Amino acid sequence: VATVVSLSMAGTGLSADGLQETFSTNPAMTVSFLSACMQPFIAYLVRFVRKHYAAGDAGYAAANLIVLLCAEMMLQSMVGIVAMAILLWRVWRRGSQVMGGWRRGRGVAGVLVDVSGALVVLVVAGICLFARAQLG
């Protein structure tokens, strides 16, 4: 929401030409916009985490929340960091007990499949972090 408000207050509005002008003159705004666009996808993944946790798959939930927490830290989203930390704290008691068995039962390929969505978010978050570091 804050990104959209700042884009519309930049004077060019949210038109295609306005966005193109804003992004070409202010690369930091482009990175912020990309970071903000990741949040709905993260919320979508948290929905899957909740379904798996409710079905008794606490290892899946804990592993995804750990990766998503790392991604939120890289995106520098304070609200996301706090939300993921609280969710992980709530899931950790049950998740930590079954994490080893879940990992052994799934194997490396199965674990990577289970956390693939969160890994995509982590890669994009890494790109955003690198771009922010290069911009200063």
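A residue counts as buried when its relative accessible area is under 20%. Asp 114, with a relative accessible area of 12%, is therefore buried. The model is predicted, and the points below cover its overall make-up, its one salt bridge, its aromatic contacts and a nonpolar surface patch.

**Overall make-up**

- The chain holds 6 helices and 0 strands, and its elements run α-α-α-α-α-α from the N terminus on.
- Buried residues account for 33% of the 136 residues of the chain.
- About 8100 Å² of the chain is exposed, and carbon and sulfur atoms supply 68% of that area.
- If contacts in the chain are restricted to residues at least 6 apart in sequence, 64% of them join residues at least 24 apart.

**Salt bridge and the surroundings of Asp 114**

- Side chains of opposite charge can pair when their charged atoms come close.
- The count for the model comes to 1 salt bridge, in which the side chains of Arg 106 and Asp 114 meet at 3.0 Å, N to O.
- The two partners differ in burial class: Asp 114 is buried at 12% relative accessible area, whereas Arg 106 is partly exposed at 39%.
- Asp 114 is also in contact with Asn 64, a residue of helix α4 (residues 58-75).
- Asn 64 has a relative accessible area of 4%, so it is buried as well.
- Leaving aside neighbours within four places in sequence, Asn 64 also touches Val 49, Val 115 and Ala 118.

**Aromatic contacts**

- A pair of aromatic rings is described by the distance of the centres and the angle of the planes.
- A search of the whole structure finds 1 aromatic pair.
- That pair is Tyr 44 with Phe 48: the ring centres are 5.0 Å apart and the planes stand at 85°, so the geometry is edge-to-face.
- An angle over 60 degrees is what places a pair in the edge-to-face class.
- Both residues belong to helix α3, where they are 4 residues apart, about one turn of the helix.
- A separate ring contact involves Tyr 53: the charged end of Arg 94 sits over this ring, 4.2 Å from its centre.

**Nonpolar surface patch**

- Four side chains, those of Phe 41, Tyr 44, Phe 48 and Val 120, form a nonpolar patch on the surface, and together they have about 350 Å² of accessible area.
- Helix α3 (residues 27-54) gives the most to this patch, with 3 residues.
- Val 120 lies in helix α6 (residues 116-135).
- Patch residues need over 30% relative accessible area; Phe 48 has 32% and is partly exposed.
- Tyr 44, at 42%, is partly exposed too, and Val 120 is in the partly exposed class at 46%.
- Tyr 44 and Phe 48 thus appear both in the patch and in the edge-to-face pair.

**Backbone at Gln 76**

- Most residues other than glycine have a negative phi.
- Gln 76 has a phi near 60°, a positive value in a residue other than glycine.
- Gln 76 is found in the loop between α4 and α5.

Technical notes:
Residues are numbered from 1 along each chain as its sequence is written. This is a predicted model: local features need pLDDT of at least 70, side-chain atom pairs count only at pLDDT 80 or more; totals for chains, interfaces and linings use all residues. Side-chain values use heavy atoms; hydrogens and water are left out. Patches are made of residues with over 30% relative accessible area and no salt bridge: like charges are joined within 9 Å, nonpolar side chains (Val, Leu, Ile, Met, Phe, Trp, Tyr) within 5 Å. Accessible areas come from the Shrake-Rupley method with a 1.4 Å probe; for residues, only the protein chains shown count as cover. Helices (H or I, at least four residues) and strands (E, at least two) are DSSP runs, numbered from the N terminus. Buried means under 20% relative accessible area, exposed over 50%, partly exposed in between (1.4 Å probe, protein chains only). Rings of Phe, Tyr and Trp (its six-membered ring) pair if their centres lie within 6.5 Å; planes under 30 degrees apart count as stacked, over 60 as edge-to-face and the rest as tilted. A charge sits over a ring if NZ of Lys or CZ of Arg is within 6 Å of the ring centre and within 35 degrees of the ring normal. Contact means heavy atoms within 4.5 Å.
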